[in-house]
Structures are given as C-alpha cells and as structure tokens.
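Hi everyone, thanks for letting me have a few minutes today. Let me put the structure up, and then we can walk through some parts of it together.

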Amino acid sequence: MSREFIPAAKPIIGDEERAAVDAVLASGMVVQGPQVAAFEEEFSTQVVAGAHCVAVNSGTSAQHLATLASNLKAEGGAPEVIVPSFTFAATGNSVAITGAKPVFADIDPVTFTLDPASVEAAITDNTVAIEVVHLYGLPANMDAIMELAARHHLAVFEDCAQAHGAAINGKPVGTFGAWGSFSFYPTKNMTTLEGGIVSTSDAELARRVRLLRNQGMEKQYANELVGLNNRMTDVAAAVGRVQLKKLDGWTEARRANAAALDAGLADVPGVITPHVPDGYRHVYHQYTIRLEGATAAERDAAQSALREEWQVGSGVYYPIPNHRLDSLAPYAPDLELPNTELVARECLSLPVHPSLSQADLDRIVQAVDAVVKAGA
Ligand SMILES: *Cc1c(COP(=O)(O)O)cnc(C)c1O
C-alpha cells in the first residue's frame, strides 16, 4: 500500500503571503520600512500584551542583540548566564558570543524546561541572569524562576523561539523577564522566512536593540553605539503580518492535534506523553514523547521504523545536549546533567502541525503503538 509521507513539520506559506511579498517588491521599498514597523505593532498587540517589540533578521539575532543591550557585568570575571543544555544551540551561542559565560543547568524531565533547583545550585558570585527556554511551546516554570531570580538579584531572559502565544494563567511568554526573543524560522509556529523579534517592557532596552540592529544609529550617520546590521526586510515583515492573522487558528489546530495524540497514546505502555501544568497554555511547537527506558539507539530505531514502515516523520530535538557540543563543551568541563542526558536519549517529537488530517493523526497513533510494542 502506498501512503503519503507525513512530515514532522510543514511550513504553510500560501497565496496571501505571495501577494504580500509581490506588493512589497512592486513598491520598490524592500528593506526595513513601514512593513517592519506595522509588524512590530501587530505582534506587540496580538502576542505580547503590548510590550515594546523590535524585529530583526533571526531569532538568534534577537537574543544576541537583547543580551548585548542588557550590558551584563560581573565584578569577578565574565558575567554568567544560566541556561538549559537541553535546547537549540542558539541559546548558549547567543550568550557566549557576547563574551558572557553560558552556565548549563539541568531540566525537569517531565516538562523539559529548567529545573529551578538545578538553576539555584549553579548560581555563583558572577551569575547575572537566568535565560529560560519555553521548550516545545510549553512555558518554563516561571513562578519558581522569577522567585529565585528576585531572591538572588538576577535578571531573567526568555527564549520564546518555540512559544508564540504560550502563556501561564493568561500572561504570555515574553512578558515575564527583562526581555523575550522569538524566532520566525520556517518550521516555527509562524514564519517570516528568516526573522526574529525582541519583546520587552523596558523602553530603553528596546531603544538599545533598535540601535544595535542598525549600526548603532537612530539618526542616519549619527552612530551612538557600535552595532551590527541585523535588520528585518519589509519583504519578511509582510509575510509575518499575513502569518500573524493565521497564528491563533494554527495554534488551536496544534492544540487539538495534541489532544488527539494524548488520547490515542494514553494507554501505550512505555510512552510518556507531554505533561502540561495547571494554568499553562502549551502551543505545541513540538509534541514530544519519551520512550521510557530507551537507549538512544533504540529511540533511533523506533524513528526509522516510523519512517520506513508507516511513512510517519518525526524529529529528535535534541540528540546532543549543548554542554557536550564541541562548540560549547569548553564552558562546561566535567558537567553532569542526568535529566538532560536521559531526555536526550528518550525524546521523540511526533508531527503536530496544523496540516494534519484525522487520518494522519490516526496513523501516527497506530504507528507509535505498533513500533513501541514491536521494540519492547
Ligand atoms: C529556532 C530557535 C532559536 C533560533 O532562532 P533562529 O530564527 O533559527 O535564529 C533559538 N532558540 C530556540 C530554542 C530555537 O528553537
């Protein structure tokens, strides 16, 4: 039987986006201009409760510039920012590239986000900030993190690259800490092709990010700071404005798909489905299960079987914890993060994107059930 392959992710870019791009190209004004300004305003209102927003050319640039704009300093040496190791490398990279030191803490294996006790244990005299990642679209444990940060006089930064619209008791991510950074890479919950945005309630920090993205100048040729060119184009912003109109519907579709997978996988032995704490709004950038007790090789075999036998795509985010990458390991010699290692072996992200049909969802459930039972 030939079955259509179900991809792990499927960016949706349609006629309306193409028309918006065409209109910008036809206008002849393609670099940062009115589309970017409108996109920033609309994103601010719709996603981050009116916070200041500064659009840039990637999610990584958003966190890089926001980190630079935070003017981190420690008396005893390089300022330290505590980050999870179980995340995309951009989190630690954007800290390290500023000259600060990423210090890796462990995660809670149930929520996949920073474990406050591990964060607290990593605090030193040089710690200046905690950067949480709202991984897979689930907000980090912000009650505990904000309390901890206040007690130790630390700033909180939020990597919201996977979490557009996620919230805790109605309060959106990107509004808890000093700043939040979002990504609009094609596989994220919405896209501008490449792109990112910084959200902050601090007008002065927003101004510094605006300067940094444009050679340090607000007034042309009157450069105030040493800056970069990390501007978003009006072409990208026009795509983002169309996507923003669809974001809420897509998020509801992701949440409904996740609920169907939860129900279908509830009784499959050895499969741990995502846990959502009370009051937390998960936006399911990924729907990530754990294959309890699996080795990395067993997990990889399950992934191959899903693909080969069932034509079901899946992803492993992330197979190598950041503190063991060649690039970032020098910041963390001899570090042991047991929950991070455990989850890196067991995690498998199933398709949850808005384009799935009921038949797709049924096949994903059937496939996981069969593959896990065959491997047991
Ligand atoms: C995608 C992503 C980023 C980086 O965003 P880019 O737009 O790809 O630069 C940062 N952090 C996390 C957790 C991400 O998933």
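**Cysteines, strands and rings**

Let's start with Cys160: with 0% relative accessibility, this residue counts as buried. Keep in mind that what you see on the screen is a predicted model.

So where is the closest cysteine sulfur to the one in Cys160? It belongs to Cys53, 10 Å away, and that's too far for a bond. Look from the other end and you get the matching answer: for Cys53, the closest cysteine sulfur is the one in Cys160, at 10 Å, again too far for a bond. A disulfide needs the two sulfur atoms within 2.5 Å, so 10 Å doesn't make the cut. And the count for the structure is zero disulfides. Cys53 is tucked away as well: its relative accessibility is 5%, so it counts as buried.

Now let's move to strand β1, residues 52-56. Is it mostly covered or mostly open? Mostly covered, with four of its five residues buried. Its pairing with strand β9, residues 196-200, is antiparallel and runs over five bridges. If you want one bridge to find on the screen, take Ala55, whose partner in β9 is Ile197. For anyone new to this, strands of a sheet pair through backbone hydrogen bonds, either parallel or antiparallel.

Next up, an open sheet. Three strands make it up, in the order β10-β12-β13, and the pairing is antiparallel. Why do β10 (271-272) and β13 (347-350) each have a side without a neighbour in the sheet? They stand at the edges with a single partner strand each, so one side is left free of neighbours there. β10 pairs with strand β12, residues 287-291, over two bridges, in the antiparallel sense. One residue to look for is Val271, which has Leu291 as its bridge partner in β12.

What lies across these three strands? That's helix α8, residues 234-265, which lies across β10, β12 and β13 and runs at about 20 degrees to β12. Then there's helix α10, residues 338-346, where the buried residues are Thr340, Glu341, Val343, Ala344 and Glu346. Those buried residues pack against β12 and β13, and also against β3 (101-105) and α9 (296-310). A handy thing to remember here: an α-helix has 3.6 residues a turn, so residues three or four places apart point the same way.

For a contrast, have a look at Asp143, in helix α6, residues 142-152. Its relative accessibility is 60%, so it counts as exposed. From Asp143 to Val271 it's 128 residues in sequence, and 28 Å in space, C-alpha to C-alpha.

Last topic: the rings. How many aromatic pairs does the structure hold? There are 12. One of them is Phe157 with Trp179, a stacked pair with 4.5 Å centre to centre and 15 degrees between the planes. This pair links distant parts of the chain, since Phe157 sits in strand β5 (residues 155-159) and Trp179 in strand β8 (residues 179-183), 22 residues apart. Both of those residues are buried.

There's also an aromatic cluster to pick out: Phe86, Phe88, Phe112, Tyr136, Tyr317 and Tyr318 form it together. And one more ring before I stop: Lys171 lies over the face of Phe176, 5.0 Å from the ring centre.

That's my tour, so thanks for listening!

Definitions and conventions. Residues numbered from 1 in each chain as written. Predicted model: local features only at pLDDT ≥ 70, side-chain atom pairs only at ≥ 80, totals over all residues. Heavy atoms only, no water. Phe/Tyr/Trp six-rings, centres within 6.5 Å; stacked < 30°, edge-to-face > 60°. Buried < 20%, exposed > 50% of the residue type's maximum accessible area, 1.4 Å probe, protein only. Lys NZ or Arg CZ within 6 Å of the ring centre and 35° of its normal. Pairing = 2+ DSSP bridges. Contact = heavy atoms within 4.5 Å. Axes fitted to C-alpha atoms, helices over the stretch in contact; angles between N-to-C directions.
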